[in-house]
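Hi everyone, thanks for making time this morning. I have one structure to walk through with you, so let's bring it up on the screen.

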Amino acid sequence: MQTVEKCAYHESGRIVMSYSLGYSCDSSQLSQTDSNQGQTRINGGDDLPGIQQILQRSSTLAIAENTPRLIEIANKLLKMYCAGTCTSLYYENNKVLNSEMEIVFPGQDISQIELIQSFLSKHDPDFNEENFPALLNQVFKQIQQAEFCKAVDMLVSRFISNVEFKLSRFEIEDTIRASGLTLPIRKVQAGFAVCLSEDTSPS
(Lines give C-alpha, C1' and ligand atoms only; values in the text may rest on other atoms or scores of the structure.)
Protein backbone atom coordinates (compact mmCIF):
# COMPACT_ATOMS: atom_id res chain seq x y z
CA MET A 1 0.00 0.00 0.00
CA GLN A 2 1.46 3.36 -1.05
CA THR A 3 1.97 6.15 1.46
CA VAL A 4 -0.82 8.41 0.25
CA GLU A 5 -3.25 5.47 0.06
CA LYS A 6 -2.42 4.38 3.60
CA CYS A 7 -2.92 7.95 4.77
CA ALA A 8 -6.27 8.03 2.96
CA TYR A 9 -7.49 4.94 4.84
CA HIS A 10 -6.28 6.41 8.13
CA GLU A 11 -8.11 9.70 7.66
CA SER A 12 -11.20 8.09 6.09
CA GLY A 13 -11.57 5.71 9.03
CA ARG A 14 -11.34 8.60 11.44
CA ILE A 15 -13.87 10.61 9.43
CA VAL A 16 -16.48 7.83 9.25
CA MET A 17 -16.04 7.07 12.95
CA SER A 18 -16.46 10.76 13.78
CA TYR A 19 -19.75 10.95 11.91
CA SER A 20 -20.95 7.73 13.54
CA LEU A 21 -20.29 9.39 16.92
CA GLY A 22 -22.41 12.42 16.00
CA TYR A 23 -19.60 14.74 14.91
CA SER A 24 -18.72 16.04 11.46
CA CYS A 25 -15.62 17.11 9.52
CA ASP A 26 -14.85 20.55 8.12
CA SER A 27 -11.96 19.36 5.93
CA SER A 28 -9.29 16.69 5.53
CA GLN A 29 -5.84 16.78 3.93
CA LEU A 30 -3.58 13.81 3.14
CA SER A 31 0.20 13.70 3.23
CA GLN A 32 2.05 12.38 0.19
CA THR A 33 5.25 11.72 2.12
CA ASP A 34 4.18 10.19 5.45
CA SER A 35 1.06 8.12 6.05
CA ASN A 36 0.94 9.43 9.62
CA GLN A 37 0.95 13.10 8.66
CA GLY A 38 -2.62 13.65 7.47
CA GLN A 39 -4.83 16.30 9.03
CA THR A 40 -8.58 16.13 9.56
CA ARG A 41 -10.54 18.98 11.10
CA ILE A 42 -13.27 17.44 13.24
CA ASN A 43 -16.29 19.53 14.15
CA GLY A 44 -17.49 18.67 17.66
CA GLY A 45 -20.67 20.74 17.48
CA ASP A 46 -22.40 20.93 20.84
CA ASP A 47 -19.67 18.76 22.40
CA LEU A 48 -16.91 21.26 21.61
CA PRO A 49 -16.87 22.90 25.09
CA GLY A 50 -16.56 19.45 26.66
CA ILE A 51 -13.83 18.43 24.22
CA GLN A 52 -11.92 21.56 25.14
CA GLN A 53 -12.26 20.77 28.85
CA ILE A 54 -10.88 17.26 28.33
CA LEU A 55 -8.03 18.06 25.95
CA GLN A 56 -7.00 21.29 27.62
CA ARG A 57 -7.01 19.91 31.18
CA SER A 58 -9.66 22.22 32.62
CA SER A 59 -9.91 22.74 36.36
CA THR A 60 -11.47 20.05 38.51
CA LEU A 61 -14.20 22.49 39.55
CA ALA A 62 -15.25 23.11 35.94
CA ILE A 63 -15.26 19.37 35.21
CA ALA A 64 -17.26 18.49 38.33
CA GLU A 65 -20.20 20.52 37.05
CA ASN A 66 -20.69 18.19 34.08
CA THR A 67 -18.75 15.02 34.84
CA PRO A 68 -21.16 12.36 33.41
CA ARG A 69 -21.39 14.17 30.08
CA LEU A 70 -17.63 14.69 29.90
CA ILE A 71 -17.02 11.00 30.56
CA GLU A 72 -19.32 10.17 27.64
CA ILE A 73 -17.46 12.61 25.38
CA ALA A 74 -14.06 11.25 26.48
CA ASN A 75 -15.06 7.71 25.50
CA LYS A 76 -16.18 8.98 22.10
CA LEU A 77 -12.84 10.72 21.63
CA LEU A 78 -10.97 7.52 22.45
CA LYS A 79 -12.80 5.71 19.66
CA MET A 80 -12.12 8.54 17.25
CA TYR A 81 -8.39 8.64 17.97
CA CYS A 82 -8.15 4.86 17.59
CA ALA A 83 -10.20 4.61 14.41
CA GLY A 84 -7.59 5.92 11.95
CA THR A 85 -4.83 3.48 12.84
CA CYS A 86 -7.26 0.58 13.23
CA THR A 87 -8.80 1.24 9.81
CA SER A 88 -5.49 1.49 7.94
CA LEU A 89 -4.25 -1.69 9.68
CA TYR A 90 -7.48 -3.53 8.82
CA TYR A 91 -7.09 -2.71 5.13
CA GLU A 92 -3.33 -3.37 5.11
CA ASN A 93 -4.12 -6.84 6.45
CA ASN A 94 -6.64 -7.42 3.63
CA LYS A 95 -9.62 -7.03 5.97
CA VAL A 96 -8.52 -9.97 8.09
CA LEU A 97 -8.14 -9.60 11.85
CA ASN A 98 -5.96 -11.88 13.93
CA SER A 99 -4.36 -11.89 17.36
CA GLU A 100 -0.87 -11.51 15.90
CA MET A 101 -1.51 -8.06 14.45
CA GLU A 102 0.62 -5.38 16.06
CA ILE A 103 -1.21 -2.09 16.56
CA VAL A 104 1.24 0.80 16.57
CA PHE A 105 -0.28 4.22 17.09
CA PRO A 106 1.55 7.31 15.81
CA GLY A 107 3.11 9.42 18.54
CA GLN A 108 0.58 12.26 18.43
CA ASP A 109 -2.35 9.84 18.62
CA ILE A 110 -0.73 8.13 21.59
CA SER A 111 -0.31 11.44 23.42
CA GLN A 112 -3.98 12.29 22.90
CA ILE A 113 -5.15 8.82 23.91
CA GLU A 114 -3.05 9.00 27.07
CA LEU A 115 -4.42 12.47 27.83
CA ILE A 116 -8.01 11.20 27.53
CA GLN A 117 -7.22 8.13 29.61
CA SER A 118 -5.70 10.37 32.27
CA PHE A 119 -8.93 12.36 32.38
CA LEU A 120 -11.01 9.20 32.70
CA SER A 121 -8.77 7.74 35.41
CA LYS A 122 -9.40 10.83 37.54
CA HIS A 123 -13.11 11.29 36.94
CA ASP A 124 -14.65 7.95 35.91
CA PRO A 125 -14.85 5.42 38.78
CA ASP A 126 -15.50 2.66 36.24
CA PHE A 127 -12.42 3.40 34.15
CA ASN A 128 -9.76 0.68 33.92
CA GLU A 129 -6.81 1.09 31.56
CA GLU A 130 -6.69 -2.70 31.16
CA ASN A 131 -10.01 -2.45 29.28
CA PHE A 132 -8.30 -0.66 26.36
CA PRO A 133 -8.06 -3.89 24.29
CA ALA A 134 -11.83 -4.25 24.67
CA LEU A 135 -12.25 -0.72 23.30
CA LEU A 136 -10.06 -1.61 20.31
CA ASN A 137 -12.24 -4.67 19.70
CA GLN A 138 -15.30 -2.40 19.63
CA VAL A 139 -13.59 -0.15 17.10
CA PHE A 140 -12.59 -3.07 14.88
CA LYS A 141 -16.12 -4.50 15.01
CA GLN A 142 -17.49 -1.19 13.79
CA ILE A 143 -14.86 -0.93 11.06
CA GLN A 144 -15.76 -4.44 9.83
CA GLN A 145 -19.39 -3.48 9.20
CA ALA A 146 -20.19 -3.42 5.49
CA GLU A 147 -21.66 0.07 5.55
CA PHE A 148 -18.61 1.44 7.38
CA CYS A 149 -16.25 -0.16 4.84
CA LYS A 150 -18.24 1.14 1.90
CA ALA A 151 -18.09 4.69 3.23
CA VAL A 152 -14.34 4.35 3.84
CA ASP A 153 -13.74 2.91 0.35
CA MET A 154 -15.65 5.74 -1.30
CA LEU A 155 -13.85 8.41 0.71
CA VAL A 156 -10.46 6.88 -0.15
CA SER A 157 -11.39 6.84 -3.83
CA ARG A 158 -12.44 10.48 -3.69
CA PHE A 159 -9.25 11.45 -1.86
CA ILE A 160 -7.04 9.73 -4.44
CA SER A 161 -8.92 11.24 -7.37
CA ASN A 162 -8.34 14.75 -6.00
CA VAL A 163 -5.04 16.14 -7.31
CA GLU A 164 -4.47 17.99 -4.02
CA PHE A 165 -5.44 14.96 -1.90
CA LYS A 166 -7.87 16.95 0.21
CA LEU A 167 -11.63 17.08 0.75
CA SER A 168 -13.97 19.83 1.91
CA ARG A 169 -16.86 19.27 4.27
CA PHE A 170 -19.27 19.28 1.32
CA GLU A 171 -17.23 16.62 -0.51
CA ILE A 172 -16.95 14.49 2.63
CA GLU A 173 -20.67 14.58 3.40
CA ASP A 174 -21.65 14.15 -0.25
CA THR A 175 -19.53 10.98 -0.33
CA ILE A 176 -20.93 9.65 2.93
CA ARG A 177 -24.50 10.19 1.74
CA ALA A 178 -23.70 8.48 -1.57
CA SER A 179 -22.34 5.46 0.31
CA GLY A 180 -25.77 4.93 1.84
CA LEU A 181 -24.51 5.27 5.39
CA THR A 182 -27.05 7.06 7.55
CA LEU A 183 -25.23 9.44 9.84
CA PRO A 184 -26.36 12.40 11.95
CA ILE A 185 -25.16 15.14 9.61
CA ARG A 186 -26.34 18.32 11.26
CA LYS A 187 -25.62 21.99 11.60
CA VAL A 188 -22.48 22.35 13.68
CA GLN A 189 -20.26 24.98 15.21
CA ALA A 190 -16.50 25.45 15.52
CA GLY A 191 -14.13 22.57 14.93
CA PHE A 192 -10.79 21.25 16.15
CA ALA A 193 -7.91 19.80 14.21
CA VAL A 194 -6.93 16.16 14.46
CA CYS A 195 -3.49 15.77 12.96
CA LEU A 196 -0.14 14.19 13.67
CA SER A 197 2.26 16.89 12.57
CA GLU A 198 0.73 19.77 14.49
CA ASP A 199 -0.98 20.49 17.81
CA THR A 200 -4.27 18.58 18.02
CA SER A 201 -5.88 20.63 20.78
CA PRO A 202 -9.07 22.54 19.89
CA SER A 203 -8.47 25.82 18.11
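I'll start with the overall fold, move to the core and the cysteines, and end with one helix and one loop. Please keep in mind throughout that this is a predicted model.

First, the fold. The chain is built from eight helices and four strands. If you trace along the sequence, the order is α-β-β-α-α-α-α-α-α-β-α-β. There are 203 residues, and 51% of them count as buried. What share of the contacts with a separation of 6 or more comes from residues 24 or more positions apart? For this chain the figure is 73%. As for the surface, about 9,700 Å² is exposed, with carbon and sulfur atoms supplying 46% of that area.

Now let's go inside. The largest nonpolar core has 55 residues, and the members that touch the most others are Ile 15, Ile 54, Leu 55, Leu 77, Cys 82, Ile 116 and Ile 172. Which elements give two or more residues to this core? They are H1, H2 (48-55), H4 (67-92), H5, H6 (132-144), H7 (146-161) and H8 (169-179). Helix H4 provides the largest share, with 14 residues.

Let me zoom in on one of those well-connected members, Ile 172. Setting aside neighbours within four places in sequence, Ile 172 is in contact with Ile 15, Tyr 19, Cys 25, Ser 27, Ser 28, Leu 155 and Leu 167.

Next, the cysteines. How many disulfides does the structure hold? The count is zero. Take Cys 82: the nearest cysteine sulfur belongs to Cys 86, at 5.6 Å, and Cys 82 is in no disulfide. Cys 86 is likewise in no disulfide, with the sulfur of Cys 82 as its nearest cysteine sulfur. A pair of cysteine sulfurs has to lie within 2.5 Å to count as a disulfide, so a separation of 5.6 Å does not qualify. Are these two cysteines buried or exposed? Cys 82 is buried, with a relative accessible area of 0%, and Cys 86 is buried as well, also at 0%.

On to helix H1, which covers residues 3-20 and includes His 10. Because its relative accessibility is 2%, His 10 counts as buried. The side chain of His 10 has a polar contact of 2.9 Å with the side chain of Arg 14.

Helix H5 is worth a look too. It runs over residues 107-123, which makes 17 residues, and it reaches 25 Å from first C-alpha to last, close to the 24 Å expected. Several residues of H5 are buried, including Ile 113, Ile 116, Gln 117 and Leu 120. As a reminder, an α-helix has 3.6 residues a turn, so residues three or four places apart point the same way.

Finally, the loop between H4 and H5. Asn 93 sits there, and because its relative accessibility is 26%, Asn 93 counts as partly exposed. Leaving out neighbours within four places in sequence, Asn 93 is in contact with Asn 98 and Met 101. Asn 94 is in this loop as well, and its phi is near 55°, a positive value in a residue other than glycine. Asn 94 is exposed, at 66% relative accessible area. Lys 95, also in the loop between H4 and H5, has a positive phi of about 60° although it is not a glycine. With 37% relative accessibility, Lys 95 counts as partly exposed.

That's my tour, and I'm happy to take questions.

Notes: Residues are numbered from 1 along each chain as its sequence is written. This is a predicted model: local features need pLDDT of at least 70, side-chain atom pairs count only at pLDDT 80 or more; totals for chains, interfaces and linings use all residues. Side-chain values use heavy atoms; hydrogens and water are left out. Buried means under 20% relative accessible area, exposed over 50%, partly exposed in between (1.4 Å probe, protein chains only). A polar contact is a pair of N or O atoms within 3.5 Å; within protein, one must be able to donate a hydrogen and the other to accept it, and residues adjacent in sequence count only if both atoms are side-chain atoms. Contact means heavy atoms within 4.5 Å. Accessible areas come from the Shrake-Rupley method with a 1.4 Å probe; for residues, only the protein chains shown count as cover. The expected span of a helix is 1.5 Å times one less than its number of residues. A nonpolar core is a set of buried Ala, Val, Leu, Ile, Met, Phe, Trp, Tyr and Cys residues joined through side-chain atoms within 4.5 Å.
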